[in-house]
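Trainee: Please take me closely through one part of this structure, and then through the elements related to that part. I should like one connected account.

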Amino acid sequence: MCEILNRIWSRPRGEWSRAVRRELPAVAARLAEELQRSTPAFSAVAQRIGPEATRTAVEQALLQTLGLGPEAAAGRIPQPRRKPARVVTAMPGTRARQALFAALADDRCIPPDVLAELAGQAGWPLPRRVRAVVLAAPGDVPSPAPHLVPQPSPQLTSQLAAALGQGLPGTVEADLCLLIPDPGPRARPALDAALEAALGGRPAAVGHSVPVAEAAASLRWARRLLGLAGTVNRPGGRVTFVDDHLSDLIVLQDESLARALSARWLRPLDDLTPRQSERLEVTLLAWLESGGAPEAARTLKVHPQTVRYRLRQIEKLFGPAMREPHSRFELELALRSRRLLARARLLRSRAHGTARAVGAAVQPLGSAGRARVNGL
């Protein structure tokens, strides 16, 4: 819209009619195509009415947004008194809140004055910092048709609003989301308790705190964390915070690179049996994370001599890498990557009904009890 406005109003006033007639059809066609790709509800309507009617409807909407009547397409354009810096039309409250959420959820930079005007129309004062809350799709979310994106349940939205105060609901693809003002790190326990009470056991992920203009980042990582489900450990209730899983999310950001890292650094374990490999992986990770044999023994609930025996085996396999800080750092990343990838693979196989006993070449790092098989 900025591009078309600049081209139209850069012309002398007598040429505005020709500029609109020339520019508007192509812009409307592009906009209709983009909306069909990104908005399932719009796509469904477009399929029902046909491409020509869709383009015409979008063209008329653009004319209305520009403050021009249908007569503009015929060349009769009223002369505006000045060139507008931006176009933000007045909208009802619900539409304004949807538009504000869409603007905040977009990775593209939205001018602050546009956000401020949308926030004013939506009645949602822009906070300095926000967090995203993303809810797992429940069975009771109403969906009028399978091709439509589900909207937040009014009952759930009101419950969350009552629990969290001022929140901005919306959807990203099929995920029900909420943007809330960040209450600060000291209010984390209260936020956790309020979400647990309002959601009634429904899983949710809470994004990290970001400036309001970067809300899309908090939404993206909260959705990613919710998608990983049981891949990362859930410390406590059903509400999971991105803050608690930053390193796991970084490791799993690219599974192909994570697999390459594990393959490179854990190659010395390839000639061992799966049980031997898993015991040594568990021990090495516990040692790297805790910093010593006694501490690793307490983590694994085994005797310190058992840990020292395994560490001697590990040192024979990995050699000088055990003593170099950079190598130890990458070894820890590789071990954590293998553990998280194996857990993700197991969850995916269960989701597809193909769960089977663990015994492949790459094993998930198990509990301390599993690490004590055969006394090692």
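Mentor: Strand E1 covers residues 129-135, and six of its seven residues are buried, so the strand is largely enclosed by the rest of the structure. Here "buried" means under 20% relative accessible area, "exposed" means over 50%, and "partly exposed" lies in between, as computed with a 1.4 Å probe on protein chains only. Strands (E, at least two residues) and helices (H or I, at least four residues) are DSSP runs, numbered from the N terminus. The model is a predicted one, in which local features need pLDDT of at least 70 and side-chain atom pairs count only at pLDDT 80 or more, whereas totals for chains, interfaces and linings use all residues. Residues are numbered from 1 along each chain as its sequence is written, and side-chain values use heavy atoms, with hydrogens and water left out.

The partners of E1 come next. Two strands are said to pair if DSSP finds at least two bridges between them. E1 runs antiparallel to strand E3 (residues 175-181), to which six bridges join it; within this pairing, Ala132 is placed opposite Leu179. With strand E4 (residues 204-206), E1 shares three bridges, again in the antiparallel sense, and Val133 faces Val206 there. Strand E5 (residues 210-211) is joined to E1 by two bridges and is likewise antiparallel, with Arg129 opposite Pro211.

From E3 one can move on to strand E2. Five bridges pair E2 with E3, also antiparallel, and Leu179 of E3 is the bridge partner of Leu168. Leu179 is thus found opposite Ala132 of E1 and opposite Leu168. In a regular strand the side chains alternate between the two faces of the sheet. E2 shows such an alternation: Leu168, Gly170 and Val172 point to one face and are buried, while Pro169 and Thr171 point to the other face and are not buried.

E2 and E3 form a hairpin with two residues between the strands, and Glu173 in this hairpin has a positive phi near 55 degrees. Ala174 also lies in the loop between E2 and E3; at 45% relative accessibility, Ala174 counts as partly exposed. The C-alpha atom of Ala174 is 9.6 Å from that of Ala136, although 38 residues separate them along the chain.

The nonpolar core brings several of these strands together with helices. A nonpolar core is a set of buried Ala, Val, Leu, Ile, Met, Phe, Trp, Tyr and Cys residues joined through side-chain atoms within 4.5 Å. The largest one holds 35 residues, of which Leu100, Phe101, Leu104, Trp124, Leu168, Leu179 and Leu219 touch the most other members. Two or more residues of this core are given by each of E1, E2 (168-172), E3, helix H5 (93-105), helix H6 (112-122), helix H9 (215-228), helix H10 (246-251) and helix H15 (325-351). H9 provides the largest share, six residues.

H5 also contains Arg95, which is partly exposed, with a relative accessible area of 48%. The C-alpha atoms of Arg95 and Ala122 are 7.9 Å apart, with the two positions 27 residues apart in chain numbering.

Helix H14 (residues 304-318) offers a further view of burial. Its buried residues are Thr306, Val307, Arg310, Leu311, Ile314 and Phe318. Seen down the axis of H14, these fall within an arc of 130 degrees, so they line one face of the helix; the arc is taken from the directions of the C-beta atoms as seen from the helix axis. The residue after H14 is Gly319, with a positive phi near 60 degrees. Before H14, Lys301 sits in the loop that follows helix H13 (293-300). Lys301 is a residue other than glycine with a positive phi, near 60 degrees, and at 64% relative accessibility it counts as exposed.

Helix H3 (residues 40-49) may be set beside H14. Ser43, Ala44 and Ala46 are buried in H3, and seen down its axis they fall within an arc of 165 degrees, so they line one face of the helix. Gly50 follows H3 and has a positive phi near 95 degrees.
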